Amino acid sequence: MGTSNKQQIPVLAGAWTKPSSTREKPQLIGSKCRSCGEVYFPKRTKKLCPHCQKEALEDIKLSRRGKLDTFTVVMQQPGGGYYYGPVPYAIGMIELPEGVYIETPLKVDKFKDLALGIEMELMIEKIWEDPSGNELIGFKFRPI
């Protein structure tokens with residue numbers, strides 16, 4: 001029998017924390033400017049703030065909860081191999097308390113459960129599995 005080399009691969013490397021215990025929950029990692037207060041997601045690799053042009057960006061953990069600002073239900077799989085999951089699916093924009101908006105897949109049992117302004121919570125899970133059996137892991141938000 002061969003050894004399985006299947007891996008969990010993050011869709012966006014370094015975008016969230018990895019909990020060190022079962023009591024901890026993952027958090028998205030963003031950047032905040034110490035000078036003007038602007039917040040960005042995903043975190044910026046350069047420390048120059050695009051808003052005020054000062055080298056004052058620092059990594060911050062973003063809130064796990066936010067409000068659903070807008071959403072859509074996609075009924076057709078996009079072409080070009082961009083998305084491999086089941087159709088239909090929902091995507092939306094989550095407004096976090098830090099003032100940043102996160103574009104994200106939405107995890108719901110029924111699309112009718114989605115409504116503007118509802119509280120949503122971050123989760124990390126398998127997005128899809130590649131032909132070799134590797135799991136692509138990503139963030140989603142679900143209603144609380």
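**View 1. W16, F41 and F139 come together as one aromatic cluster.** This is a predicted model, and the close-up shows its aromatic pairs, which come to two. Take W16 and F139 to begin with: their ring centres are 6.4 Å apart and the planes meet at 75 degrees, so this pair is edge-to-face. The two residues come from distant parts of the chain, 123 residues apart, with W16 in the loop between β1 (8-10) and β2 (29-33) and F139 in strand β9. Is W16 buried or exposed? W16 has a relative accessible area of 12%, so it goes down as buried. F139 is buried too, at 11% relative accessibility.

**View 2. F139 also pairs with F41.** Here the ring centres sit 5.6 Å apart with the planes at 80 degrees, so the F41 and F139 pair is again edge-to-face. This is another link between distant parts of the chain: F41 belongs to the loop between β3 (39-40) and β4 (57-61), F139 belongs to strand β9, and 98 residues separate them. And F41 itself? With 17% relative accessibility, and buried meaning under 20%, F41 counts as buried.

**View 3. The largest nonpolar core has 21 residues.** Which of them touch the most other members? Those are L28, L62, I102 and F141. Four strands each put in at least two residues: β6 (89-95), β7 (101-106), β8 (119-129) and β9 (135-143). The top contributor is β9, which gives three residues to this core. As a general backdrop, nonpolar side chains tend to be buried together in soluble globular proteins.

**View 4. Zooming in on F141 and its neighbours.** Leaving out residues up to four places away in sequence, F141 touches L28, R64, I94, L96, I102, T104, P105, L106, K107, M120, E121 and L122. Two of the names on that list, L28 and I102, are also among the core members that touch the most others. Set apart from this core there is another one, made of five residues that include C33, Y40, C49 and L57.

**View 5. R44 puts its charged end over the ring of Y40.** The charged end of R44 is 5.6 Å from the centre of that ring. Y40 turns up elsewhere too, as one of the residues in the five-residue core.

**View 6. β3, β2 and β4 make an open three-stranded sheet.** The strands are ordered β3-β2-β4, and the pairing is antiparallel. Which strands sit at the edges? They are β3 and β4, each of which pairs on one side only. β2 pairs with β3 over two bridges and with β4 over five, antiparallel in both cases. K32 is a handy place to look: K32 stands opposite V39 in β3, and its bridge partner in β4 is E58. How covered is β2? Mostly: of its five residues, four are buried.

**View 7. The hairpin of β2 and β3 carries a positive phi at G37.** There are five residues between the two strands, and G37 has a phi near 85 degrees.

**View 8. β5 (residues 65-74) pairs with β8 and with β6.** With β8, strand β5 runs antiparallel and is joined by three bridges; G66 has M120 as its partner there. M120 is also one of the residues that F141 touches. With β6, the pairing is antiparallel as well and runs over seven bridges. One of the residues to look for is F71, whose bridge partner in β6 is G92.

**View 9. Q76 lies in the loop between β5 and β6.** Is Q76 buried or exposed? Its relative accessibility is 64%, so Q76 counts as exposed. Q76 and V87 are eleven residues apart along the chain, with 6.3 Å between their C-alpha atoms.

Notes: Residues numbered from 1 in each chain as written. Predicted model: local features only at pLDDT ≥ 70, side-chain atom pairs only at ≥ 80, totals over all residues. Heavy atoms only, no water. Core = buried A, V, L, I, M, F, W, Y, C linked by side-chain atoms within 4.5 Å. Buried < 20%, exposed > 50% of the residue type's maximum accessible area, 1.4 Å probe, protein only. Contact = heavy atoms within 4.5 Å. Phe/Tyr/Trp six-rings, centres within 6.5 Å; stacked < 30°, edge-to-face > 60°. Lys NZ or Arg CZ within 6 Å of the ring centre and 35° of its normal. Pairing = 2+ DSSP bridges.
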